[in-house]
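This report goes through one protein model, from overall figures down to single residues. Keep the structure open while reading.

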Amino acid sequence: MLDKISCLSKATVRKLVHAYKVQSLRICKMSTTNGLPSNTEITGPGIVAVCQMNCKPNKDENIKTGKSLIEKAKVRGAKMVFLPECFDYVGESREQSISMAENLDGPVITQYKNIAKSLNVWLSLGGFHEKGPEHDASRIYNTHIIINSKGDIVATYHKTHLFDVDIKGGVKLKETDFTIPGSAIEPPVKTPLGNLGIATCYDLRFPEMSVALRQQGAQILTYPSAFTQPTGMAHWEVLLRSRAIENQCYVVAAAQTGKHHAKRSSYGHAMVVDPWGAVVCQCKEGEDVAVTEIDLTYLNKVRTQMPVQQHRRCDIYRPTVTSQKEPIVDNATYAFGQHTIKRDIIFYKTHLTMAFVNRKCVVPGHVLVSPIRVVQRFSEMTPEEVSDLFTVSQRVATVVESHYGCSSVTVGLQDGPDAGQTVMHVHVHILPRKPGDFKRNDDIYSEMEKHDKDSSGEELEDSSSEWRTPEDMAAEASTLRQLFKDS
Ligand code: AMP
């Protein structure tokens, strides 16, 4: 059988696979009474175009290529065209890549906005080298941009997963040395083809992200990429098909191809995969554009007949939050309700949570742990924030209890004014306890009620002499930071 199949042309094999697919769907259909989900908007087929480029360190040349591929796609009826990561340029060195970076209102994106408008097509421009902020000018953002057919930017996403390896005597590549990681997933964008979940290249290896996008309503996932030859050969198609099958989404994957300069080549094989996992179109060797249909009726059929999404057991999967410590950027400030928290009083920080010393302590070592996002109530936090907040609180409680020579710790969260919350930003109080520190153990709660208030029950003025000095707070934070040095 295998021999026979290998004698057939690719087109015949594809037809056979398609026939098998339709047949098996029919079989599924016969054994189920499910109709299409009533809450799903069904739109007719739309043509998508996926591009394959061989970009050089020459922005003008690359724009010319991009434009001609988009024009070809338009002639073939595309409503939306997808360009690969580094569609603007592939630099020869890190320095060159940084120096060529532009802002979103620079010439490259302005030209693509004009192309989108004049050809009346939507564009996905994945992996744009976007200049970093002034305080971090030696790094860029790897930005995926969606432009609508009027030429407006409707979404941007900063690539979140960055490749950092340092193997003794082997590969050393630290993407975070020159790229600032994004800190959030962009909710799916409503496009004429369907709801589009945006990601970039290396993100493809993290199924959690695709599942999150699917849960937020994505029907199409896209991974503009510049895979190397070895990783492309081994993993590219299998990863794309896996993301399509497990999420029952179309996957659109534009790609860089061929030799860019002496040091870098890409694998190519830009393709579109349907929600059943079949590769429905693929670019040929070299620069090319391939088109196919995005058929949401078919997508809904696949989802109805194999409702894996409804069978997910989120109740039994462990939270994927790692609470990994992150460096605290110089001069950074964070909001704590109406207050501003400076870097020097923070002693532990993850991408979602910060732990900092208190302006007025009920007991020595009384510190606070808060989500970085200003969120007033516990109920408004995301599951990831809750998980991270408590994981960090546990770490902090363990360390301060031991550092202050205590044997117990009171951990408190006052949620809402009637529970005693005065700063309207969720925070966990960590209070190391010693035997006999209060006459009765629970007296600590009445002390917490009063400690930051004046005689009329109002929060102490900023100018009050009862607050600790900034120097005193910074010194305590510095000591605590040392205790977390290796975590
Ligand atoms: P609660 O009354 O539960 O809202 O607690 C607010 C806590 O925040 C109190 O322990 C205050 O001492 C503390 N606090 C208020 N402002 C600051 C600040 N700027 N820096 C550090 N801690 C603060």
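Helices and strands here are DSSP runs, numbered from the N terminus; a helix has at least four residues and a strand at least two. With that labelling, Pro224 falls in the loop between S10 and H7. The model is predicted.

## Overall figures

The protein has 11 helices and 23 strands. It contains 487 residues, and 47% of them count as buried. The exposed area is about 24500 Å², with 52% supplied by carbon and sulfur atoms.

Contacts reach far along the chain. Take those between residues at least 6 apart in sequence: 68% of them join residues at least 24 apart.

## The six-stranded sheet

An open sheet is built from six strands in the order S8-S9-S10-S11-S14-S15, with mixed pairing. Its edges are S8 (189-191) and S15 (279-282), each paired on one side only. Ignoring direction, neighbouring strands are turned by 25 degrees against each other on average.

At one end of that order, S14 (residues 271-273) and S15 are antiparallel and share three bridges. Val273 stands opposite Val279 of S15. Helix H7 packs on the sheet, where it touches S10 (220-222), S11 (250-253), S14 and S15. The direction of H7 makes about 30 degrees with that of S14.

## Helices H6 and H7

Two packed helices are described by the angle between their axes and the distance between the axes. For H6 (residues 207-215) and H7 (residues 229-247), the angle is about 40 degrees and the axes are 10 Å apart. The crossing of H6 and H7 is right-handed. On the H6 side, the contact uses Pro207, Ser210, Val211 and Arg214. On the H7 side, Arg243, Glu246 and Asn247 take part. By type, the residues of this contact are two nonpolar, two polar and three charged.

Which residues of H6 are buried? They are Met209, Ser210, Val211, Ala212, Leu213 and Arg214. Their cover includes strands S5 (153-158), S9 (194-198) and S10, along with helices H7 and H8 (296-305). After H6 comes Gly217, with a positive phi near 110 degrees.

## Strand S4 and its partners

Strand S4 (residues 140-147) is mostly covered, with eight of its eight residues buried. In a regular strand the side chains alternate between the two faces of the sheet. On one side of S4, the buried residues are Ile140, Asn142, His144 and Ile146. On the other, they are Tyr141, Thr143, Ile145 and Ile147.

S4 has antiparallel pairings with S3 and with S5. Seven bridges link S4 to S3 (residues 122-131), and Leu123 stands opposite Ile147 there. Five bridges link S4 to S5, and Thr143 has His158 as its bridge partner in S5. The hairpin of S4 and S5 has five residues between the strands. In this hairpin, Gly151 takes a positive phi near 90 degrees.

## A shorter hairpin

Strands S12 (residues 255-261) and S13 (residues 264-267) run antiparallel, joined by four bridges. Gly258 of the pair stands opposite Ser266 in S13. Two residues make the hairpin connection from S12 to S13.

## Two buried residues

Is Pro224 buried or exposed? Pro224 counts as buried because its relative accessible area is 1%, and the cut-off for buried is under 20%. Leaving out residues up to four places away in sequence, Pro224 touches Leu83, Pro84, Glu85, Gly126, His144, Ala199, Thr200, Cys201 and Ala254. One of these, His144, is a buried residue of S4. Pro224 and Gln256 are 32 residues apart in sequence, yet their C-alpha atoms are 8.5 Å apart.

Met100 lies in helix H4 (residues 94-100). Met100 also counts as buried, because its relative accessibility is 15%. With residues up to four places away in sequence left out, Met100 touches Pro57, Asn58, Lys59 and Tyr89. Met100 and His129 are 29 residues apart in sequence and 8.0 Å apart in space, C-alpha to C-alpha.

Key: Residues are numbered from 1 along each chain as its sequence is written. This is a predicted model: local features need pLDDT of at least 70, side-chain atom pairs count only at pLDDT 80 or more; totals for chains, interfaces and linings use all residues. Side-chain values use heavy atoms; hydrogens and water are left out. Axes are lines fitted to C-alpha atoms, for helices over the stretch in contact, and angles run from 0 to 180 degrees between N-to-C directions. A crossing is left-handed if the near helix is turned anticlockwise from the far one by less than a right angle, and right-handed if clockwise. Contact means heavy atoms within 4.5 Å. Ala, Val, Leu, Ile, Met, Phe, Trp, Tyr, Cys and Pro count as nonpolar, Asp, Glu, Lys and Arg as charged, and the others, Gly among them, as polar. Two strands pair if DSSP finds at least two bridges between them. Buried means under 20% relative accessible area, exposed over 50%, partly exposed in between (1.4 Å probe, protein chains only). Accessible areas come from the Shrake-Rupley method with a 1.4 Å probe; for residues, only the protein chains shown count as cover.
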